[in-house]
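Student: I've got a protein chain to look at and I'm new to this. Could we go through it together, one feature at a time?

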Amino acid sequence: MQCVDERAAVNQATQSLNSAKAVVQELEVEFQRATGPQKQALRIEIMAAEKDVAAAQAALDAANKALQACLAR
């Protein structure tokens, strides 16, 4: 099997992205149940978690690009 390291990187990046998305979903559920000051704090946490999702997506995109480059060799 070729490109083993690249495939592993894609798998790891996919898991990281899924984990980051799960955190956002959990925070959104908490947000819906929260009241007043809790909502503001959770809103800030959600924004930070969404940045983590964006970073994880960028890492996955880069890993996929590296895999495609490897497979093209």
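Student: Let's start small. In which helix is Glu28 found?

Tutor: Glu28 sits in helix α1, which covers residues 4-33. Keep in mind that we're looking at a predicted model.

Student: Okay, and what else does the chain have: how many helices and how many strands?

Tutor: Two helices and zero strands. The radius of gyration is 17 Å, well over the 11 Å that the globule rule gives for 73 residues, so the chain is more spread out than a compact globule. You can picture that with a box: along the principal axes, the C-alpha atoms fill roughly 55 × 15 × 10 Å.

Student: Back to Glu28. Is it buried, partly exposed or exposed?

Tutor: For this we use relative accessible area: under 20% is buried, over 50% is exposed, and partly exposed lies in between. Glu28 has 35%, so it counts as partly exposed. Glu30, also in helix α1, is partly exposed too, with 44%.

Student: And across the chain, what percentage of the 73 residues is buried?

Tutor: Buried residues make up 25% of them. As for the surface, the chain exposes about 5,200 Å², and carbon and sulfur atoms supply 55% of that.

Student: Which residues does Glu28 contact, leaving aside neighbours within four places in sequence?

Tutor: Ile46 and Glu50. For contacts over the whole chain, take pairs at least 6 apart in sequence: 70% of those contacts join residues at least 24 apart.

Student: How do I read distance in space against distance in sequence?

Tutor: Compare C-alpha atoms. Glu28 and Asn18 are ten residues apart along the chain, and their C-alpha atoms are separated by 15 Å. Glu30 and Leu67 are 37 residues apart in sequence, and 37 Å apart in space.

Student: What about the nonpolar core: how many residues has the largest one?

Tutor: It has 18 residues, and those with the most contacts inside it include Leu17, Leu42 and Val53. Helices α1 and α2 (36-72) each supply at least two residues of this core, and α2 gives the most, with nine. Try clicking on Val53: not counting residues up to four places away in sequence, Val53 touches Leu17, Ala20, Lys21 and Val24.

Student: Last one, on charges. How far apart are the mean positions of the positive and negative charges?

Tutor: You average the places of each kind, then compare the two averages. Here the chain has 8 positive and 9 negative charges, and their mean positions are 5 Å apart.

Conventions
Residues are numbered from 1 along each chain as its sequence is written. This is a predicted model: local features need pLDDT of at least 70, side-chain atom pairs count only at pLDDT 80 or more; totals for chains, interfaces and linings use all residues. Side-chain values use heavy atoms; hydrogens and water are left out. Helices (H or I, at least four residues) and strands (E, at least two) are DSSP runs, numbered from the N terminus. The radius of gyration is taken over C-alpha atoms; the globule rule is 2.2 Å times the number of residues to the power 0.38. Buried means under 20% relative accessible area, exposed over 50%, partly exposed in between (1.4 Å probe, protein chains only). Contact means heavy atoms within 4.5 Å. Accessible areas come from the Shrake-Rupley method with a 1.4 Å probe; for residues, only the protein chains shown count as cover. Lys and Arg count as positive and Asp and Glu as negative; His and the chain ends are not counted. The place of a charge is taken as NZ of Lys, CZ of Arg, CG of Asp or CD of Glu. A nonpolar core is a set of buried Ala, Val, Leu, Ile, Met, Phe, Trp, Tyr and Cys residues joined through side-chain atoms within 4.5 Å.
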